[in-house]
Amino acid sequence: MKESFKKYIPFKQIDLPDRQWPSKVITKAPTWCSVDLRDGNQALIDPMNLQEKLEFFKALCDMGFKEIEIGFPSASETEYEICRELIEGNHIPDDVSIQVLVQAREHLIRKTFEAIKGAKNVIVHFYNSTSTLQRKVVFKKDMTGIIDIAVQGAALIKELTDSYEGDTNIRFEYSPESFSGTEMDNAVEICKEVMDAIGATKENPLILNLPNTVEMCTANTYADQVEYFIRHLPNRDAAIISIHPHNDRGCGVAASELALLAGAERVEGTLFGNGERTGNLDIVTMGLNMFTQGVDPQLDFSNLPKYKGIYERCTNMKIHERTPYIGELVFTAFSGSHQDAINKGMEYMKQSGTDYWEIPYLPIDPADVGRQYEPIIRINSQSGKGGAAFVMAHNYGYNLPKAMHPEFSGLVQEDCDKKGRELVSHELLKIFEDNYINFPRKYEIVGHPTVIEEGSDGNKIKLTAILRTDGDSKTDIQISGEGNGPIDAFFHGLKGFGIDKYQFVDYSQHAISTGSDSKAVSYIQLKKPDGNNIFGVGISSNIYRSSIFGVLNAINRAEGQK
Ligand code: KIV
Ligand code: ZN
């Protein structure tokens, strides 16, 4: 058992010492072809029914796909009927080509030509398997026999096209299936023969699709294969080089990206990587990788959650929480240092007015894929001090002063520990409201305090207010004081009443909009007799009152702690 790795044959490297692709860069989108309705569909436990295929097809058109492989119409009556409904029901936009897959076998090719009648634009995609292993264990044929199958298929397709009656614009695609397991010179030879048999020209090129049918090598080796193939193919201009990567080693996207560098012009794949075994290339990830490098992918990903919904409903597959760009958790930062950095990035973008997306830990603006900032951060007991403050600022508009962050995050952590789970943003708001807005009022101001400003800059304040204790109106007492500002004046008033053990440390204020009107929110920092700080928050449409309420909230909280 320990040595069982020895039964695997290492993949043979490609002899291409002067490979060019490593110094290339992706600068434009390839032609995309979705194979969701064929390769993706054939790998489902319950293949899509007609309604589901129609819904999926429409979604692909809406995203901007211009080439869509709709199925294998010669394989079953259902597949045939779906093809007919797409055509007869006028579901195919004029600028979209449907692609139909067929093995290079006579009766299947003939049936395929019947299935496409009346369509406007069709790609007839024929294939046969060419790999060393398939030739040895499945077909038991040498390469000449395999080339014969492909050439006969190509010749029949040409004949049926030449005698086709109707307005259909027919193009061709040939796949040497299991290309990546084929000796490269054999792959080149069979494709050259097929090009000749079908009469490929620069004006009417043949799509040569090079499948990584089973991903068996590192991404760089697949890129070597593609570059080798292109450099050795005669009459290169009469071909469009397409790739069709699968994801068995989990590197489908990487292999596709490197294959583009190697010269591929067209890419076949599926949404979210559905497909045989580990799936096909995930076009969403590959397209958005381009997008985040400043390259227009020519597909619309701006409402990804909508497409996720359609995908999950039609395929009955689930998208993993960590799937790039669309997984439920990909815009959630758990670590405190990540949260702080995101917070700072947001602040930087606001302050600097930069045209670029410059936020650490978020490689893409969630809004660009139809996601929201709201769930970016969830708070758990490991979250840093800034994380909770970020949610309060970002989601609710409360800009807690920095000195208050440790106190508020302490309250959040306490609640996390009590609940034994992470908190979501509205639970943070509740903690804030319970502690600062609705905290039980040992002392409260009844009615409106009178504030008289004196001095040209309004710095001198005379303040009079009715103070009630423990909600008992019989305790109501008028306090008054003078000071350099409302807080100072209020403190003097409280002193006269005997509340004199708290020291004022600092305050900050800002406006907060509450629907139609705007209010002032004040954060007051006091020092308690034990030397520790405590914060209070006051909210009012009047700026003086908001600071007075903040002072009282801090005192009430301090008294409540005894
Ligand atoms: O993976 C593959 O090789 C295929 C071919 C039929 C193109 O799906
Ligand atoms: Zn495939």
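How many aromatic pairs does a search of the whole structure find? The search finds 10, where rings of Phe, Tyr and Trp (its six-membered ring) pair if their centres lie within 6.5 Å. This is a predicted model, in which local features need pLDDT of at least 70 and side-chain atom pairs count only at pLDDT 80 or more, while totals for chains, interfaces and linings use all residues. Residues are numbered from 1 along each chain as its sequence is written, chains are lettered from A and ligands numbered from 1 in the order in which they are written, and side-chain values use heavy atoms, leaving out hydrogens and water.

One of the pairs joins F72 and Y127, whose ring centres are 6.5 Å apart and whose planes stand at 75 degrees, so the pair is edge-to-face (planes over 60 degrees apart, with those under 30 stacked and the rest tilted). F72 lies in the loop between β2 (67-71) and α3 (77-88), and Y127, 55 residues apart from F72, in strand β4 (residues 121-129), helices (H or I, at least four residues) and strands (E, at least two) being DSSP runs numbered from the N terminus. Both F72 and Y127 are buried, that is, under 20% relative accessible area with a 1.4 Å probe and protein chains only.

Y398 and F432 form a tilted pair, with 4.5 Å from centre to centre and 40 degrees between the planes. This pair also links distant parts of the chain, with Y398 in the loop between α13 (385-396) and α14 (405-419) and F432 in helix α15 (residues 425-437), 34 residues apart. Y398 and F432 are both buried, and ring pairs link them with F408 and Y436 into a cluster.

Definitions and conventions:
Buried < 20%, exposed > 50% of the residue type's maximum accessible area, 1.4 Å probe, protein only.
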